[in-house]
Amino acid sequence: MSIEIRNVGKRFGDFVALDDVTLEVETGSLTALLGPSGSGKSTLLRIVAGLERPDAGSVALDGEDVTARAPQARGIGFVFQHYAAFKHMTVRKNVAFGLEIRRRPKAEVAERVDELLHLVQLHGLADRYPAQLSGGQRQRMALARALAVEPSVLLLDEPFGALDARVRKELRVWLRRLHDEQDVTTVIVTHDQEEAMDVADRIALIHEGRIQQIGEPRELYDAPANDFVMTFFGPVVRTEGGLVRPHDLELSLDERPGASEAMVARVVHLGFEVRVDLLDGNGRAFSTQLTRDEEAELELERGQIVFVSPRNGSVGTPGLGVGEELVQ
Amino acid sequence: MLPIAAVVWESRANGAAGFWSVVSDSQAVSALELSLVCALIVAGINAATGTIIAWVLVRDDFRGKSLVNAIIDLPFALPTIVAGLTLIALYGPRSPVGIDVTDTRTAIVLALLFVTLPFVVRTVQPVLLELDTEMEEAARSLGAGEGTVFRRIVLPNILPGILSGVALAFARAVGEIGALILISGNLPFKTQVASVFIFLHIQSGDTAGASAIAVVLLAISFAVLLVIGAIRYFATRHEHAR
Amino acid sequence: MHGRTLRRLSLRGFALFYLLAVLVGPVAIISWRTFDNGIGHVWSTLTDPATVHAFVLTLEITAIAVPINTVFGIAVGLAIVRRDFPLKGLLNAFIDLPLALSPVVVGLSLFLLYGRGGWLGDWFMRHGIQILFALPAMVLATIFVSLPFVAREVIPTLREIGDEQEQAAHTLGATGWQTFRRITLPAIRWAVIYGVVLTTARCLGEYGAVAIVSGRIEGQTMTATLTVEDHYDNFDLPGAYSISIVLALMAILVLIAMIFLRPEEATA
């Protein structure tokens, strides 16, 4: 099922959560709404689900306007950051909820629930209560619950935000596989650019209630539409001409045209890559990233003077002169 | 604890037969019955009104809400005899609204509703406040209508709160005297509740008779405490594990 | 959405109407009724020596009962939360008994215990100490009915703050008393004060238990609430209203104190 969001606006008091947002999500795709906290991405997802009403604009599912439709009637599945587990029901009852209120025959409900519990690998814990599960298990239960009613749209609001890093990576891979197996259009909200790039086909980067850029993960990384998009995908160094990523800075021991002088403050070996902390002529700190081989060739030492210039073909506005300030 | 033991001891003063003759005495039976029936009615009404008021205070928003929230505690702060008197002022012989309930069973129920009003509100309110609204949103996203959301999500979670509030209100209603003594008229067989029965029997010197009924009230109180303990246990059962 | 708004408004309307009919209406009307017979009667009732004595007695009883219950409440709270001893569960359950028990039964039990032929009554009588129909019994009755309030407020707060801070104080060399004074007490102080306010309200307003043990001796053991009944029984309704309005004003003061001290989670 495709989703068309047109000119949606939403305010909470004086705070503008969404400002004229237009976005199309293709049938069967996995789209990430990416942005810092408070950017409006969760509000947008909740509007698609019908949990919030937009002040302006419309939402359509498969071309049918559902802006005024209650969440009950939208045929969506929603997964919450804090799981929203029905804590007075067992895992089995939680997953069965959507089917039971649709008055499906008992045998069918039992069969479908068993199938889903196997899918999310919780079949051994079916009679436990949510309080007896770990965070990752609870979120898998919530996913099974949302999938039970066979929604054509699956919406996930920071689903892995409350989990630790290892579980988060595991579930990410698992969500991608689940999406590929089920016939469902998926939208995931996240503030983690690595998560978005890992799991999504398309990313919509949102900031201050506006969409900054929509595209495939590579497009956003390689051809950022503006400084915000660039800074959101990792550390950047501001040069006189614009922003550059640390690994797009080249170091040399010889002075060359367009390069600026800097002093090595520290060389940090991080396995495959090496981070070189530098001080520019004004005493401001910034960093570059080199491969181990590059660093070995230069034999950098603390206190050494080097010359810094952007590599050819680096992302961002190629500028001359380095070290205005470091932007994280 | 010693004073309590004294009552139980005194109730045996006339022997088991004496105890039964008092407890089964028709006036005593009718007083006990009246107390229990009124307390049950009041507990039932409180279950509904208390939940509604708590819901309005937590989920609704309107000007003056914090004032309304504060007023809920008035029955805890106001002497019960004053509570009874205020009801006489509004629903007594010179009622400005033309309703006179003095010396009727309606008066008893009304006075008990006044003094027990905060119990259910104050036990349900914090639970409702803590209740994760995402649970309700999740149920809606799964297709549940508002009635289903209340019945299957909200109610099971606030039920322990409602029940403990109802149990406290019931206990309070069974034992109440201050709010009733002026407005109920204390007519034997009609509007004389158990606590007033005990009170009048003490004043007429029949402490053994008073003690017999007091022991019944005591047993009810213990039963209520037990029930509240059980509710607490079952309500937190799923959260203890792990 | 429209249905939800309608339901919200009708629930609000019902809640407010119910509160008006059961609670606010009666309390509001009494302030008007009080002055039916003019301010003179109100003044003469309130300045009557018997009335003044009744209020003084009520305040005396409160002034004795509240500190005792405060110390008891904190001690029991600490014992239940921080210590382990046999029958702790039983104590925890019994703390609530005065909330669930009729004050008449409380009054009767004291009456029997300290009365003629009672287990303790005879002993005190032989030593010439008057308990029943005097201040001691009235104080005891008041203490009994208002026993749980401080403990009930203190227990959850103690549970919430945990004992890490206390342990830290111990490792820094603080004695048990120093730890209590400087760590525990400041942490539970609002709970204690809130409990004290509730206790005070109950002490000022107690009727049933005190009515039984006081003996209602005019000018000696009549408390404010008993005087209200007395005036009512003597068909002096305006007099009863006058004293009630003073008690109601005290209640409103208590209520205001409660609003400012209420634990955070209870405010919506």
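This is a guided tour of a predicted model, with a suggestion at each stop of what to select next.

**Confidence first**

Before selecting anything, note that the predictor gives the complex an ipTM of 0.88 and a pTM of 0.82. If you then colour chain C by pLDDT, you are looking at a chain whose mean value is 87, with 97% of its residues reaching 70 or more.

**Chain B as a whole**

Select chain B and show it as a cartoon, where you will find twelve helices and zero strands. Its C-alpha atoms fill a box of roughly 65 × 55 × 30 Å when this is taken along the principal axes. Of the 242 residues in chain B, 61% count as buried, and among its contacts between residues at least 6 apart in sequence, 74% join residues at least 24 apart.

**The largest nonpolar core**

Next, show the side chains of L33(A), F86(A), F97(A), L155(A), F114(B) and I198(B), which touch the most other members of the largest nonpolar core, a set of 187 residues. Which helix gives this core its largest share? Select residues 105-130 of chain B, since that stretch is helix α7, and it supplies 15 residues. Chain C takes part as well, with at least three residues drawn from each of domain 1 (1-33) and domain 2 (39-267).

Stay with I198(B) and display what surrounds it, leaving aside its neighbours within four places in sequence: within chain B it is in contact with A210(B), I213(B), A214(B) and L217(B), and from chain C it meets V104(C), V105(C) and L108(C). A second, separate core of 47 residues can be found by selecting some of its members, including V113(A), L117(A), A144(A) and F233(A).

**A covered helix in chain A**

Now select residues 41-49 of chain A, which form helix α1, a mostly covered element in which eight of the nine residues are buried. Among these buried residues are K41(A) and R46(A), along with L44(A), L45(A), I47(A) and V48(A). Step just past the end of this helix to G50(A), which takes a positive phi of about 90°.

**A five-stranded sheet in chain A**

Still in chain A, look for an open sheet of five strands, whose order is β13-β17-β14-β15-β16 and whose pairing is antiparallel. Where are its edges? Select 249-252 for β13(A) and 285-291 for β16(A), each of which pairs on one side only. As you turn the view, notice that neighbouring strands of this sheet are turned by 45° against each other on average, direction ignored. In general, strands of a sheet pair through backbone hydrogen bonds, either parallel or antiparallel. Here, four bridges join β13(A) to β17(A), residues 305-310, and the two run antiparallel; to see one facing pair, pick E250(A), which stands opposite S309(A).

**Two loops in chain C**

Finally, return to chain C, where the centres of domain 1 and domain 2, taken over C-alpha atoms, are separated by 32 Å. Most residues other than glycine have a negative phi, and the last two stops depart from that pattern. F133(C), in the loop between α7 (121-126) and α8 (135-145) of chain C, has a positive phi near 55°. Is F133(C) buried or partly exposed? Its relative accessibility is 35%, so it counts as partly exposed. R216(C), in the loop between α12 (208-214) and α13 (224-233) of chain C, has a positive phi of about 50° although it is not a glycine, and with a relative accessible area of 22% this residue is partly exposed too.

Note on methods: Residues numbered from 1 in each chain as written. Chains lettered and ligands numbered in written order. Predicted model: local features only at pLDDT ≥ 70, side-chain atom pairs only at ≥ 80, totals over all residues. Heavy atoms only, no water. Core = buried A, V, L, I, M, F, W, Y, C linked by side-chain atoms within 4.5 Å. Buried < 20%, exposed > 50% of the residue type's maximum accessible area, 1.4 Å probe, protein only. Domains from an automatic or database assignment. Contact = heavy atoms within 4.5 Å. pLDDT = per-residue confidence, 0-100. Pairing = 2+ DSSP bridges. Axes fitted to C-alpha atoms, helices over the stretch in contact; angles between N-to-C directions.
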